[in-house]
Structures are given as C-alpha cells and as structure tokens.
Amino acid sequence: MKEDAISMQWVIKSYINLEVSIERIYTTLAQYIKSQMLTIKIEKSVFSGISNLIETTQKLKTQFNDVFKPTEFKDAQAVLIANIKEAWNDDQFNITVNFNEYIDHLIQNKFKGMNKQEKYAIIGIFYEYVIDKQSFKVNYTSRFVRRLIKLTKDLPELEFPVIASIRKKNSDFLSDYDDFIRQMNHSLKTIDQFREAQNNNEI
C-alpha cells in the first residue's frame, strides 16, 4: 500500500508539473471513500457496526492523506471531509443516536482492552463530522445522566477525557458537566454522613 501511495504521489506531481488539474482525481478518491463507508451495516451490534465504520474511515482517510498531504492539498482535504461527513450522517447510521451508543459502550466498559488516548482522539474527530450536533448533545446528555447514576465515583475519570476531546471541537459542549458532578458529590457526601450517623446510633 505504501508503494501505491508513492506511485500516486508521482502521478500527482506529474499532473502539477504539467499544470493539469488534479481535482477530478482527489474528488473520485473521496467519493470512493464515501461509497465504502456506506457499505457498512449496523445490524445486531451497534458498537461493532460503528467501530467498523470508524476503522474503515480512518484506514481510507490515512491512505488518502498519504497521497494528498493535508498541509499541501487543502482543497483535496475539504472535499474528503465533505464526503466523509455525508456518509457519516447518512440516515442508515442514525449517527446522533448510534455514535452515542458507541461512546456509552466504551465508558460503561471502562475502555477495557482499549487504548484510551486513541479512543478519546477518535471520538473528538468523529464528533466533528456530526452535522446535527444539537441532537447529538441531547442524546449524549441523556446517556451521561444514566451513567452518572450507575458509575458515580468512577465516572469523572472515565467521562471527562471524552468531554475534553469533544470540547476541542466545541468548547461549550455539556457546559453544565461540573454542576452535574458537584451535585453527585454532594449527594454522595450526604449519604456517607447519613450512614456514619446510623453507625454512631445518632439516627
């Protein structure tokens, strides 16, 4: 695959030297990536389906960027991102719901067997591809509250890096996160005080 990229780079340079437009080449490649993304099926396991979609996209995007370096070919990069967004937000993926389920699975399972830093980065990247960010936020907040109830003390360590990754793309994302955590800590403290009073026969 590396040799293919080198060959393609040679072709691109030849086109540029001959002052021939390369737009058709990178547009065709970007559309190919979109078509490959759309072949992915979200069936029994949403997590597996979204994982496959993300992995396929990342692999093809890397190959594209090996040829069309993002810093050198900004027009090509814009076309690539537009095609990725179009596929990522296709109705078949129901992405504002299913991407949240993917994130929920990772957090609920405490990123077991995963490279956390890599997953945090991927979540931020693919959040940026989401078009209906308001709908995504509503779904995220709903699942976050359920995680807060279930994971309590373990949650901040697992959740905040995810939110921080998203905030690199949207600084206002889940702006009331600190309030949620503060309320949780207050509730836990109250419960602990109640239990301590019970143990001391004060109640």
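Which charged end sits over the ring of Tyr-140, and how far is it from the ring's centre? The charged end belongs to Arg-147, and it lies 5.1 Å from the centre of that ring. This is a predicted model. The exercises below work through its core, its rings and its charges.

**Exercise 1. Place Trp-88 in the fold.**

Step 1. Find the element. Trp-88 belongs to helix 4, residues 74-88.

Step 2. Check the exposure. The relative accessible area of Trp-88 is 0%, so the residue is buried.

Step 3. List the contacts, leaving out residues up to four places away in sequence. Trp-88 touches Met-37, Ile-50, Leu-53, Ile-54, Phe-93, Ile-95, Phe-99, Phe-126, Tyr-129 and Val-130.

Step 4. Take one partner and compare sequence with space. Val-130 is 42 residues from Trp-88 along the chain, yet the two C-alpha atoms are separated by 7.2 Å.

**Exercise 2. Describe the largest nonpolar core.**

Step 1. Give its size. The core has 48 residues.

Step 2. Name the residues with the most contacts inside it. They are Trp-88, Phe-99 and Tyr-140.

Step 3. Assign the core to helices. At least two residues each come from helix 2 (23-37), helix 3 (46-67), helix 4, helix 5 (95-108), helix 6, helix 7 (133-151) and helix 8.

Step 4. Pick out the main contributor. Helix 3 gives the most, with eight residues.

Step 5. Look at Phe-99. Not counting residues up to four places away in sequence, Phe-99 touches Ile-50, Ile-54, Trp-88, Ile-123, Phe-126, Tyr-127, Val-130 and Phe-136.

**Exercise 3. Classify two aromatic pairs.**

Step 1. Start with the count. The structure has 15 aromatic pairs.

Step 2. Take Phe-64 and Phe-68. Their ring centres are 5.1 Å apart and their planes stand at 35 degrees, so the pair is tilted. Phe-64 counts as buried at 3% relative accessibility. Phe-68 also counts as buried, at 0%.

Step 3. Take Tyr-127 and Phe-173. Here the centres are 5.7 Å apart and the planes meet at 65 degrees, so the pair is edge-to-face.

Step 4. Map the second pair onto the chain. Tyr-127 lies in helix 6 (residues 116-129), and Phe-173 lies in the loop between helix 8 (155-167) and helix 9 (177-199), so the pair ties together parts 46 residues apart in sequence.

Step 5. Check burial. Tyr-127 counts as buried at 0% relative accessibility. Phe-173 counts as buried at 1%.

Step 6. Widen the view. Ring pairs link Tyr-127 and Phe-173 into a cluster with Phe-47, Trp-88, Phe-99, Tyr-102, Phe-126, Tyr-129, Phe-136 and Tyr-140.

Step 7. Add a charge. Lys-133 lies over the face of Tyr-127, at 5.2 Å from the ring centre.

**Exercise 4. Trace three salt bridges through the fold.**

Step 1. Give the total. The structure holds six salt bridges.

Step 2. Take Lys-34 and Glu-86. Their closest N and O atoms are 3.4 Å apart. Lys-34 lies in helix 2 and Glu-86 in helix 4, so this bridge ties together parts 52 residues apart in sequence. Now compare the ends. Lys-34 is buried, with a relative accessible area of 18%. Glu-86 is partly exposed, at 49%.

Step 3. Take Arg-143 and Glu-101. The closest N and O atoms of this bridge are 3.7 Å apart. Arg-143 lies in helix 7 and Glu-101 in helix 5, so the bridge ties together parts 42 residues apart in sequence. Arg-143 is buried, with a relative accessible area of 15%. Glu-101 is partly exposed, at 30%.

Step 4. Take Glu-128 and Lys-169. Their closest N and O atoms are 3.5 Å apart. The bridge links distant parts of the chain, with Glu-128 in helix 6 and Lys-169, 41 residues away, in the loop between helix 8 and helix 9. Glu-128 is partly exposed, with a relative accessible area of 37%. Lys-169 is partly exposed, at 40%.

Step 5. Join the bridges that share partners. Glu-101, Asp-104, Arg-143, Arg-147 and Glu-159 form one network.

**Exercise 5. Connect Arg-147 and Tyr-140 to the rest.**

Step 1. Follow the arginine. Arg-147 is a member of the salt-bridge network with Glu-101, Asp-104, Arg-143 and Glu-159.

Step 2. Follow the ring. Tyr-140 is part of the aromatic cluster. Tyr-140 is also among the residues with the most contacts inside the largest nonpolar core.

Step 3. Put the two together. The charged end of Arg-147 sits over the ring of Tyr-140.

Technical notes. Residues are numbered from 1 along each chain as its sequence is written. This is a predicted model: local features need pLDDT of at least 70, side-chain atom pairs count only at pLDDT 80 or more; totals for chains, interfaces and linings use all residues. Side-chain values use heavy atoms; hydrogens and water are left out. Helices (H or I, at least four residues) and strands (E, at least two) are DSSP runs, numbered from the N terminus. Buried means under 20% relative accessible area, exposed over 50%, partly exposed in between (1.4 Å probe, protein chains only). Contact means heavy atoms within 4.5 Å. Rings of Phe, Tyr and Trp (its six-membered ring) pair if their centres lie within 6.5 Å; planes under 30 degrees apart count as stacked, over 60 as edge-to-face and the rest as tilted. A charge sits over a ring if NZ of Lys or CZ of Arg is within 6 Å of the ring centre and within 35 degrees of the ring normal. A nonpolar core is a set of buried Ala, Val, Leu, Ile, Met, Phe, Trp, Tyr and Cys residues joined through side-chain atoms within 4.5 Å. A salt bridge is a side-chain nitrogen of Lys or Arg within 4 Å of a carboxyl oxygen of Asp or Glu.
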